[in-house]
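Me: Got a minute to go through a structure with me? I'd like to start inside and work outwards.

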Amino acid sequence: MRILLVEDEENIQDVIKLNLEMEDFEVVAADNGKDALKFAREQHFDLLILDVMLPEVDGFQICEQVRLTNREVPIIFLTAKDSAQDRIAGLKKGADDYLTKPFNLEELLLRVNNLIKRTSKSPDNTPDEFSFGNNWVNFATYEAKGNPGSFTLTKKEAMLLKLLVDRRGEVVSRQQILQSVWGYDVYPSTRTIDNFILSFRKYFEKDPKAPEFFLSVRGVGYKFAEA
């Protein structure tokens with residue numbers, strides 16, 4: 001699970017980041033709103049922790065901009081402002097939780113874990129062998145059967161196909177694909193991902209130009225649909 005932590009006080013950021021990493025979260029940290037928005041646009045996160053008072057762009061503005069394109073990612077505000085009006089303002093901006101400084105670190109970790117458990121969708125436990133239509137694939141051996149008869153998938157093809165099948169019926173964003181299949185050490189172009197989908201259509205669709213299984217959702221990502 002990946003968390004974006006936005007906090008401009010270095011000592012607080014370091015302590016929160018260390019403790020989240022000890023809980024096995026991957027943490028990307030920013031100390032200003034401009035960098036935070038850039039990270040939020042370019043990467044996939046499972047939760048955002050936002051300080052309210054930030055240089056350049058404050059936490060409320062970050063939350064508003066994130067919510068324009070992502071209504072699902074949970075957001076926690078951290079702030080020294082503890083009035084009821086401030087808490088209400090934060091929740092109205094689209095936050096899921098609001099914690100005032102100074103806060104108990106254990107309480108923050110509990111709230112993070114509870115929010116992620118509540119909002120994360122567990123993928124279906126797809127077995128190694130999976131059939132759809134007249135097609136068949138073995139995710140352990142990369143063997144497959146489809147339009148070309150029997151053939152072997154590449155490792156990346158098998159990983160992407162399994163991701164889509166695990167999330168069948170859901171739109172999988174490009175950011176999720178990048179994180180799950182490639183990681184962030186290597187950045188394939190959008191065209192690379194498109195080419196993988198085109199290959200799947202050639203392998204498995206009766207008519208690649210009128211796909212039943214591998215659907216594109218413009219501007220968002222891709223979806224595997226069982227016909």
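Me: Leaving aside neighbours within four places in sequence, which residues is Leu164 in contact with?
Reply: This is a predicted model, and in it Leu164 is in contact with Val172, Ile197, Phe200, Phe214, Tyr222 and Phe224, once those sequence neighbours are set aside.

Me: And the largest nonpolar core, how many residues has it got?
Reply: That core has 28 residues. Leu164 is among those with the most contacts inside it, along with Leu161, Ile177, Phe200, Phe204 and Phe214.

Me: Which elements give two or more residues to this core?
Reply: Three helices and two strands: H6 (155-166), H7 (174-182) and H8 (190-204), plus S6 (129-132) and S12 (221-224).

Me: What about another core apart from it?
Reply: There is one of 22 residues, and Ala36, Leu48, Leu54 and Val73 are among them.

Me: OK, switching to sheets. What's the strand order in the open one with four strands?
Reply: The order runs S6-S7-S8-S9, and the pairing is antiparallel. S6 and S9 (149-152) are the edge strands, each pairing on one side only.

Me: How much are neighbouring strands turned against each other there?
Reply: By 20° on average, if you ignore direction.

Me: And how many bridges between S8 and S9?
Reply: Four, in the antiparallel sense. As part of the picture there, Lys145 stands opposite Ser150 in S9.

Me: Where is Gly146 found?
Reply: In strand S8, which covers residues 143-146. Gly146 and Trp136 are ten residues apart in sequence, and their C-alpha atoms are 6.8 Å apart in space.

Me: What is Gly146 in contact with, leaving aside neighbours within four places in sequence?
Reply: Asn135, Phe151, Tyr203 and Phe204. Phe204 came up before, as one of the residues with the most contacts inside the largest nonpolar core.

Me: Zooming out, what does the domain assignment give for the chain?
Reply: Domain 1 is 2-120 and domain 2 is 129-224. Their centres, taken over C-alpha atoms, are separated by 33 Å.

Me: How many residues of each are in contact across the two domains?
Reply: Six residues of domain 1 with four of domain 2. The area buried between the domains is about 460 Å², and carbon and sulfur atoms give 56% of it.

Me: Which three residues supply the most of what domain 1 buries against domain 2?
Reply: Arg2, Gln43 and His44, which supply 72% of that area, more than any other three residues.

Definitions and conventions: Residues numbered from 1 in each chain as written. Predicted model: local features only at pLDDT ≥ 70, side-chain atom pairs only at ≥ 80, totals over all residues. Heavy atoms only, no water. Core = buried A, V, L, I, M, F, W, Y, C linked by side-chain atoms within 4.5 Å. Buried < 20%, exposed > 50% of the residue type's maximum accessible area, 1.4 Å probe, protein only. Contact = heavy atoms within 4.5 Å. Pairing = 2+ DSSP bridges. Axes fitted to C-alpha atoms, helices over the stretch in contact; angles between N-to-C directions. Domains from an automatic or database assignment. Buried area = accessible area lost by both parts, 1.4 Å probe.
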